[in-house]
Amino acid sequence: MSTPANKTPSAAPAANRVGLTLADYKGARSTLCPGCGHDAITNSIINAAFELGLEPHRLAKLSGIGCSSKTPAYFMRRSFAFNAVHGRMPSIATGVHIANRDLQLLGISGDGDTASIGIGQFTHLIRRNVPVVYLIENNGVYGLTKGQFSATADFGTKAKVGRTNELMPIDLCALAIELGCGFVARSFSGDPKQLRPLLKAALAHRGTSVVDILSPCVTFNNHEGSTKSYDHVKEHDAPLHDVTFIPPHEPITADYEPGEVRQVTLFDGSRVTLKKLEADYDPHDGMAAMVTLRRAREAGTFVTGLLYVNAQKPAFDREVGMVEAPLASLPLDRVRPPRRVLEEIMEAHRSGAAPR
Amino acid sequence: MAALAFSHEGDSSLSAPTHVRINDCNLHVATVNGSGSQTANATLLRAIFQMGVPVSGKNLFPSNIAGLPTWFTIRVNERGHLARTRTNDVLVAMNPETAADDIAAMGPGTVTVVNAGIPLPELPSDRTVHVVPCGKLVEPIVPDAKLRKLVVNMIYVGVVAHLLGIDAEEIDRALGSQLGRKQKALELNRAAVNAGLEYAREHLPPAPVRIERRSLTDGKILIEGNTAAALGALFGGVTFVSWYPITPSSSLAEALQGYLERYRRDPQTGEATYAILQAEDEIAAIGMVLGASWAGARAMTATSGPGFSLMTEFIGYAYYAEIPAVIWDIQRIGPSTGLPTRTSQGDLLSAAFSSHGDTKHVLLFPASVEDCYQYGMQAFDLAERLQTPVLVMSDLDLGMNVSMAEPFAYPEEPWDRGKVLTDEELDRVKTFERYRDVDGDGIPYRTIPGQRHPAAAYFTRGSGHDEQARYTESSETYARVMDRLARKHETARRLAPGPVIDRAPHAAVGLLSFGSTAWAMDEARERLREDGLETSHLLLRAYPFHPDVRAFLASCERVYVVEQNRDAQMAALLRMDMPDLAPRIRSVLHYDGLPIDARSIVERVLHGEREEVVAR
Ligand SMILES: Cc1ncc(C[n+]2csc(CCOP(=O)(O)OP(=O)(O)O)c2C)c(N)n1
Ligand code: SF4
Ligand SMILES: [Mg+2]
């Protein structure tokens, strides 16, 4: 979009590569509790989408049920959205993708929505490798039903009313890696510097990408003794690397010492650079990722960053063998076989040659 | 009917029976599941069909892959009455486990063919029993003992062909069309048929029921309801199917998969113009259907009782968020797992009001394989026009058994995708509001995700929403939206197929049936007429009820609603819809899992009429 002539360039809000401003990526005003981690994630999504220059009509927002699943209303108002039933967003995503493979799908879920009621659909989405960016806004509780433990609640964490969780958590990242997911990351709502490039990278990946985002619930899980409070997460956040996202065809500008960074090239040619922090970490090594996650659990820390990536994973579409054009766009003459086909089938049923 | 002498192997009287019934008989074959009897039974059925005589075949099978008893009933009737009957004329008893009961159920004048070695119960002398050494006859033909088990059933095909007078030539042709490509199997089976035939010619008299050539099946096809439904979907332009295996609906999805693979590939690239997915469960199946349909595909699923129950939360969502979907429920006996391989019409109420809250759905009731084909297409048009789930209520009897039909007609009409606004149309209309009733019929307009127009996008949710699809908890708005949905349901009365009415002048009594019950109806009415009771008949084809249904009820003094469930579910729907006419409604109920027969209807209607006289 060109800058209107009667305005000075500095007065006009900055436009991205498709001519939209940051405001175009916003949605309705959030109705979540002030300070809720989910709102911070919404903000990161808005910024990531703006910076990437996503076209709103080419993206569909999908979600389940929960405070987290409400958030698609709060960003990208010009995109279609499907706020489904509890835990079943993956099946919606699968159907939407099949109908229109040109749509980019952004799925928002919660830890209750994914790790309990929706764990079956979550695992099968990954197994099929349906191209969806699947975000889990993980606060360890059911926010919307007022603070019950979810299946990601850490062992020994305390509920607001004093109960202690005696069950081991389900680590959704470890589960995703085990299922062969081609893009698995963990981040923190309070670390937009890490979250935004990870979101962009997830959007550039071709299959299912899972991003588990620790997102404190200020109302029901932000107290002393909770392992998902802001203070606790901040203190125990153990980033694996500094993450930078570089869109396709943009040069890498930063200078790195040799051996200091690892670079991941994604399907569309965009790259992610991972600058080493304490130890070197290879996100292509799934085994190492599992070990790292297990060690972190034992140490009571949260490893964040790009945990695992396999950009070569065969796409879902190839398996289904669909035509290039979205199925939803096919005209009648491409989906109704000609008269002679019916005649052929009728003849077979008349003569008895039809396979029974 | 002439009583025949009790005969054993070798000493049968070869004289022909004195009274012979032509082209009107029932043949009942009792075998063991997984023993290859399907080919044998299909051969008999097809040979009779090829002789030009109307015929139907019903498989009464266990929920088991191999080893449990299974029965196949063939009804031959040149007047076209092809429903199940309660009695049989000829029995083939191949299963030692059930033989005693099977044979005991045979009445006077009947003929039983029993495999040698099966102990015979004491029987009155007016039943004919032929003991046939099937094993001994097949032995020289098939040296391999394992293979022999699969061919031995062909012996009874030959025997029955002789007893009933089925042309050997037609048997051979029927066998050929089934096994044509497997030359070796064809040879063996043919030899076994001939062995049976020769044995029977030599030792057994013809049965008192015979088949004679007619030309009543010329040009007709034999097909199962599920296959017909799959064909309807194929020509209706289905683009997405998601399903989870469950009897008796699997064969619909599998038939469709076969047709799609064959006929819906891009000629240049070989790529598919459809997708079919076997989902992880029925919740996922319906979820995928809704996602695909929302995004503009023609999407469907097929299931049965337990799977249908699992789908209900999403069905309610689709009702409220107004997403088209086609769901085939091939009903089987419930509750719970019930009798998974037996037929029923027991899902009516749970389908009509599927899901929590105020919901009411559109149901279609196919009554023939032809209907299955037509509704296979029309259900999509209806779902897209009404933007709501359409539930097609077939059943196991209709879905899995073959019946005769005229060849299906190629659709001359294009599809109807309902009120969809393209980007160009959005430019023309001043405003687009997803849930606004612009036309007064309760049906709003929709756009399809991916449309570029800045006004196209909307937010779909199962929570309270206003005309612009915005979240709201406003009581007035909620009630307004619900009232509009009720209005839309009213519109459906006239969009869905209306009833087929056959009115007898001056008849005070009406009969109302739907679905697979229709097969027994003509026959029942004919017998009632013979008993002096003229009846009118209404074949119900959809819920919500067309205004003509009301007019029919109003025109009869009494209406017997005939249905295959315990709780008179259709009668309940009718009473609810027309409380003022409720006193006219009577019920004929059949719920033992076996397809309904005409005699059951006749007996219960006559009983009802006698009570009526007493009451007066
Ligand atoms: C089938 C069903 N069961 C229960 C509920 C009630 N429910 C609403 S939200 C929710 C839990 C949400 O937890 P989570 O996904 O972690 O979201 P959060 O609110 O924490 O963001 C539950 C159980 C529901 N909506 N549907
Ligand atoms: S209850 Fe918790 S999760 Fe829900 S909006 Fe409030 S802070 Fe966020
Ligand atoms: Mg939660």
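This briefing covers the overall build of chain A, one of its buried strand residues, a magnesium site, and some backbone features of chain B. The model is predicted. Chain A holds 12 helices and 13 strands. Its radius of gyration is 23 Å, which agrees with the value near 21 Å for a compact globule of 356 residues. The magnesium ion (ligand 3) is held by D111(A), N139(A) and V141(A). In chain B, two peptide bonds that lead into prolines are cis: the one before P335(B) and the one before P544(B).

**Chain A as a whole**
- The C-alpha trace of chain A spans about 75 × 60 × 45 Å along its principal axes.
- Of its 356 residues, 57% count as buried.
- The accessible surface of chain A is about 15100 Å². Carbon and sulfur atoms supply 53% of that surface.
- Among contacts in chain A with a separation of 6 or more, 70% join residues 24 or more positions apart.
- Chain A carries 39 positive and 36 negative side chains. The centres of these two sets lie 7 Å apart.

**A185(A) and its surroundings**
- A185(A) sits in strand β7 of chain A, which runs over residues 183-188.
- A185(A) counts as buried because its relative accessibility is 0%, and the cut-off for buried is under 20%.
- Beyond its neighbours within four places in sequence, A185(A) touches C173(A) and L198(A).
- The contacts of A185(A) also include the run V210(A), V211(A) and D212(A).
- Another run in contact with A185(A) is G305(A), L306(A) and L307(A).
- M322(A) lies 137 residues from A185(A) along the chain, and their C-alpha atoms are 29 Å apart.

**The magnesium site**
- Three residues of chain A coordinate the magnesium ion (ligand 3), at 2.1 to 2.2 Å.
- D111(A) gives an OD atom, and N139(A) gives OD1. V141(A) binds through O.
- Along the chain, the donors of this ion follow the spacing D-x27-N-x1-V.
- N139(A) is buried, with a relative accessible area of 4%.
- V141(A) is buried as well, at 3%.

**Cis peptide bonds in chain B**
- The bond from G334(B) to P335(B) is cis, with omega near -5°.
- P335(B) lies in the loop between β13 (325-333) and β14 (339-343).
- The bond joining Y543(B) and P544(B) is cis, with omega about 5°.
- P544(B) is placed in the loop between β22 (542-543) and α19 (547-555).

**Positive phi outside glycine in chain B**
- Q387(B) is not a glycine, yet its phi is positive, at about 50°.
- Q387(B) occupies the loop between α14 (369-386) and β16 (389-395).
- Q387(B) is buried, with a relative accessible area of 0%.
- H506(B), also a residue other than glycine, has a positive phi near 70°.
- H506(B) belongs to the loop between β19 (500-502) and β20 (509-514).
- H506(B) is exposed, with a relative accessible area of 82%. The cut-off for exposed is over 50%.
- Q387(B) and H506(B) thus fall into opposite classes: Q387(B) is buried, whereas H506(B) is exposed.

Technical notes: Residues numbered from 1 in each chain as written. Chains lettered and ligands numbered in written order. Predicted model: local features only at pLDDT ≥ 70, side-chain atom pairs only at ≥ 80, totals over all residues. Heavy atoms only, no water. Helix = DSSP H or I, 4+ residues; strand = E, 2+ residues; numbered from the N terminus. Rg over C-alpha atoms; globule rule 2.2 N^0.38 Å. Buried < 20%, exposed > 50% of the residue type's maximum accessible area, 1.4 Å probe, protein only. Contact = heavy atoms within 4.5 Å. Areas by Shrake-Rupley, 256 points an atom, 1.4 Å probe, with all protein chains shown as cover. Lys, Arg positive; Asp, Glu negative; His and termini not counted. Charge placed at Lys NZ, Arg CZ, Asp CG, Glu CD. Donors = N, O, S within 2.8 Å, 3.2 Å for Na, K, Ca; no water.
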